[in-house]
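Q: Could you take me on a close look at one part of this model, the strands that pair with one another, and then show me how the rest is arranged around that topic? I am new to it, so please explain the terms as you go.

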Amino acid sequence: MRENTRLDEEIRATMKKDFPLPPNVKRAQEAAFAQIRRQVQEGKEKEEQQERQKTKGRVFVRSFAGLAAAAALFLVICIADPAFAAQIPLVGRVFEAVGDSLGFSGDYSKYAEPVRDADEMAAETDETAAEENGALPYSQTENGVTITLSEVYCNDAALYISMVIKSESGFPETMCDLNEKPMLQLWDSTLTFDYNPEKCPLAYGDGDRIDGKFVDSHTFAGVVRYDLSASEDASDREGFEKEKDRFIQSLGITQQEIDTDIAAAEDRACQILGIDELTDEALARAGGPDWKDYQKKAEVPEDFKVQLSIPMVLGQKAQVTTPQMPEDLREEYEQAMKAQGLGVTDEDYAGFTDEQKETEHRLFQDMWNKYGLRFPKTNEHPNEYENWWVDGPWEFSLDVAKNREGTVVKEFGDLDENGLGLVSVTKTPFEITIDDGQPGADYFTVALDADGDILDYGSSSNTNTFAIQDRDVSRIDVYICDYVEYMDELKGYYWSEDYESRKKEKTFKQLLDERALYHKEVVFGE
């Protein structure tokens with residue numbers, strides 16, 4: 001179930017912003033959040049039905065109208081006062097301008113270094129030239145959009161690159177999330193490290209969204225965060241896949257069949273081999289290539305070069321114009337349901353048998369398949385209904401040196417026979433990263449600060465990386481729990497509306513002490 005707890009506190013947090021919004025936008029924002037509160041309170045009894053609805057993708061009557069309403073309620077258009085542009089000297093000071101609003105917030109200006117142009121650095125002949133040229137950033141313009149790299153900071157956990165993006169014609173109105181962060185992406189971007197021959201997709205680090213703010217309608221200041229652990233994978237996936245194809249061909253399946261429908265080809269291979277699924281392990285047991293032979297891990301050095309390639313800057317439109325479900329397709333779906341003796345309301349669906357639910361799902365999917373054929377661009381990404389974008393490419397190469405100031409690494413190597421435990425914990429000035437030995441999908445690792453509150457994930461896609469922000473992390477508690485138990489029972493205790501009163505009898509930490517499979521206290525000190 002979606003967590004609708006501590007609602008007012010979370011809404012107030014999202015309304016805090018370093019750059020104040022204009023009064024008319026602020027009023028609209030406050031009205032939107034007030035409506036959110038009302039709707040959440042009114043909808044609590046139907047929450048379970050709504051979650052099922054979301055998972056199954058049902059109730060097409062509200063499909064696009066509901067999306068538009070949700071966009072109006074839960075997302076605000078990013079509008080800022082143009083005067084801010086004159087107030088903030090951005091290039092070379094992006095971290096200073098936006099650091100407090102980042103998912104991993106903090107004072108980066110103490111640690112970040114200006115990005116220096118390699119040609120200028122090579123031409124330096126004296127200290128004066130070095131001082132003048134040292135702050136010169138990379139800057140490239142494509143199709144009226146200029147991207148200027150500003151600063152770089154790297155610790156043991158992540159690489160941070162700040163940048164300013166300017167549009168000659170101005171950015172379209174762009175949708176923001178609940179934290180007032182513009183939904184802006186460096187789409188399909190890659191990083192190439194000199195210690196890893198493989199290109200590393202930016203999205204495999206912490207996602208390709210750039211965390212930052214619109215300073216005015218022409219200027220965006222933001223920071224890309226890349227989880228360095230993602231750059232350590234130097235495995236030869238391409239070589240493995242080629243050997244896998246050769247093995248499948250040895251079973252009498254042609255390359256054309258593999259290229260046309262790999263899923264069907266693998267199903268045939270499973271039938272021939274007498275196995276249920278062609279997993280990496282099953283493939284090796286059957287005489288095919290062993291994935292372990294292709295796995296390699298690169299070590300991140302103290303100093304390295306990295307190339308950043310940005311093919312596209314992509315934004316989410318403030319106003320989505322996706323076509324609604326045509327009436328004739330909706331009626332066709334209803335008639336097909338009626339022919340099966342099935343209704344189309346939530347109440348009807350609640351009484352369906354498993355077989356009837358499968359029938360409804362098939363008919364519902366048929367309707368959407370026809371919708372996709374009628375509006376083929378809705379199946380594309382990006383598409384003109386939801387996105388605006390500018391094509392590049394913008395290509396940069398820069399030198400990076402790790403900054404270990406404020407970094408503490410605690411080594412444990414404490415794993416039991418089942419692989420549960422703690423390998424190490426790394427704390428930087430902005431994040432805490434836990435290496436739990438990757439116990440698997442059946443487990444979930446949670447960390448509590450010194451006050452017993454759950455640490456947040458910041459903007460990381462890694463659930464074992466936590467934002468420090470203004471938390472007391474002189475000591476943390478690391479717990480490994482059964483995944484289902486944590487998701488279905490334990491975390492609900494902490495996020496319950498009456499937790500403040502319940503914790504007088506039993507704190508969340510005490511609950512985890514009773515129920516967790518593993519616990520370790522980690523002390524960092526002041």
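A: Let's start with a pair of strands: β3 (residues 145-154) and β4 run antiparallel and are joined over eight bridges. Strands here are DSSP runs of E with at least two residues, helices are runs of H or I with at least four residues, and both are numbered from the N terminus. Two strands count as paired if DSSP finds at least two bridges between them.

Before going further, a word on the source: this is a predicted model, in which local features need pLDDT of at least 70 and side-chain atom pairs count only at pLDDT 80 or more, while totals for chains, interfaces and linings use all residues. Residues are numbered from 1 along each chain as its sequence is written, and side-chain values use heavy atoms, with hydrogens and water left out.

Back to the strands. A hairpin of three residues links β3 to β4, and Ile147 has Ile165 of β4 as its bridge partner. Strand β4 also pairs with β9 (residues 219-227), again in the antiparallel sense, over nine bridges. In that pairing, Lys166 stands opposite Thr219 of β9. Strand β4 (residues 158-167) is mostly covered, with nine of its 10 residues buried. Buried means under 20% relative accessible area, exposed means over 50%, and partly exposed lies in between, using a 1.4 Å probe and protein chains only. As general background, strands of a sheet pair through backbone hydrogen bonds, either parallel or antiparallel.

Another strand to visit is β6 (residues 190-193), which holds Thr190. Thr190 has a relative accessible area of 15%, so this residue is buried. Leaving aside neighbours within four places in sequence, Thr190 is in contact (heavy atoms within 4.5 Å) with Lys199, Cys200, Pro201, Leu202, Gln307, Leu308 and Ser309.

Further along the chain there is an open sheet of four strands, in the order β12-β13-β14-β16, with antiparallel pairing. Its edge strands, β12 (408-415) and β16 (465-467), each pair on one side only. From one strand to the next, the twist averages 15 degrees. Within this sheet, β14 (residues 431-435) and β16 are paired antiparallel over three bridges, and Ile432 stands opposite Phe466 of β16.

Now for the helices. Helix α9 (residues 237-249) has 13 residues and should span 18 Å at 1.5 Å a residue, which agrees with its end C-alpha atoms being 18 Å apart. The expected span is 1.5 Å times one less than the number of residues. Gly239, Phe240, Lys244, Asp245, Phe247 and Ile248 are the buried residues of α9, and what covers them includes α10 (255-260), α11 (262-273) and α12 (280-285). Take Lys244 in this helix: with 8% relative accessibility, Lys244 counts as buried. Beyond neighbours within four places in sequence, Lys244 is in contact with Glu266, Leu278, Leu283 and Pro289.

Helix α15 gives a similar check on span: 21 residues at 1.5 Å each should span 30 Å, and the end C-alpha atoms are 30 Å apart, which agrees. Its buried residues are Thr359, Glu360, Leu363, Phe364, Met367, Tyr371 and Gly372. The axes of α13 (residues 327-339) and α15 (residues 354-374) come within 10 Å and cross at roughly 160 degrees. Axes are lines fitted to C-alpha atoms, for helices over the stretch in contact, and angles run from 0 to 180 degrees between N-to-C directions. Helices α13 and α15 are therefore roughly antiparallel to each other; angles under 35 degrees count as roughly parallel, over 145 as roughly antiparallel, 65 to 115 as roughly perpendicular and the rest as oblique. The contact involves, among others, Leu329, Tyr333 and Met337 of α13 and Leu363, Phe364 and Met367 of α15.

A second helix pair is α16 (residues 483-495) and α18 (residues 508-515), whose axes come within 9 Å and cross at roughly 155 degrees. That makes α16 roughly antiparallel to α18. Residues making the contact include Tyr486, Leu490 and Tyr494 of α16 and Phe508, Leu511 and Leu512 of α18.

Finally, the wider view: the protein chain has 18 helices and 18 strands, and 44% of its 526 residues are buried. Of the contacts between residues at least 6 apart in sequence, 70% join residues at least 24 apart.
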